[in-house]
Amino acid sequence: MRPIFYTSVLAIAMGPLAWGGTYIFTQVSPVGQAINNQGGAAIDTAGLVAWAYGSTIQTWNGSTVSTYSPGVNPEYGMTGLGLSDAGGVSFTSYDTTGSHGNVYSIPGNTLTPINYPGQADTFVGGSSTTGLVGGDYLGQAGFVWDGASFT
């Protein structure tokens with residue numbers, strides 16, 4: 001027990017050096033541009049980063065920031081953002097009828113609403129690399145949406 005304890009204390013004391021990494025931070029949004037810091041950002045396995053900004057979705061591919069207009073405003077502070085390897089950005093929007101899950105396809109420039117049957121408020125956030133979207137309705141029960149049905 002003692003070797004594990006001492007190793008853990010040493011790793012904590014050494015900080016990131018003990019965790020085996022050097023980190024480089026790159027600012028990808030223009031200086032002074034506020035992004036949605038409550039809804040977060042997402043990254044796919046190829047390194048494409050996506051985040052919400054105002055009524056748009058923005059991405060960064062390592063050198064270029066691109067802006068997309070999904071047609072609905074991402075709802076800040078309620079849920080996160082997801083990004084599949086196929087370019088599907090999952091997020092929640094709000095209108096006068098409630099909160100709605102959405103998947104915006106970057107390559108197809110299409111918006112697919114995700115509303116759990118019989119519920120006024122559907123929230124989505126994360127998505128898998130294969131496009132499964134996780135969410136909940138009214139904070140009561142979670143689900144996974146596979147593009148056609150809920151589990």
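Buried, in these notes, means under 20% relative accessible area. I am working from a predicted model, so I keep that in mind throughout.

**Entry: Tyr-137.** I looked up its accessibility and found 15%, under the 20% cut-off, so Tyr-137 counts as buried. Its place is strand β10, and its ring pairs with Tyr-116 from the loop between β8 (110-114) and β9, so the contact ties together parts 21 residues apart in sequence. How are the two rings arranged? They are stacked, 4.3 Å centre to centre with 20° between the planes. Tyr-116, at 24%, is partly exposed. I then followed the rings outward: Tyr-116, Tyr-137, Phe-143 and Phe-150 make up one aromatic cluster.

**Entry: the sheet around it.** I traced an open sheet of three strands, ordered β9-β10-β11, with antiparallel pairing. At the edges sit β9 (122-127) and β11 (141-145), each pairing on one side only. Neighbouring strands are turned by 30° against each other on average, direction ignored. Between β9 and β10 (residues 133-137) I noted four bridges. Which residue faces Tyr-137 across the strands? It is Thr-122.

**Entry: the other tyrosines.** My search of the whole structure gave five aromatic pairs. One of them joins Tyr-68 and Tyr-104, with ring centres 6.3 Å apart and planes at 50°, so I logged it as tilted. Tyr-68 belongs to β4 (residues 65-68) and Tyr-104 to β7 (residues 98-105), so this pair links parts 36 residues apart in sequence. Are these two buried or partly exposed? Tyr-104 is buried at 2% relative accessibility, while Tyr-68 is partly exposed at 21%.

Notes
Residues numbered from 1 in each chain as written. Predicted model: local features only at pLDDT ≥ 70, side-chain atom pairs only at ≥ 80, totals over all residues. Heavy atoms only, no water. Pairing = 2+ DSSP bridges. Helix = DSSP H or I, 4+ residues; strand = E, 2+ residues; numbered from the N terminus. Axes fitted to C-alpha atoms, helices over the stretch in contact; angles between N-to-C directions. Phe/Tyr/Trp six-rings, centres within 6.5 Å; stacked < 30°, edge-to-face > 60°. Buried < 20%, exposed > 50% of the residue type's maximum accessible area, 1.4 Å probe, protein only.
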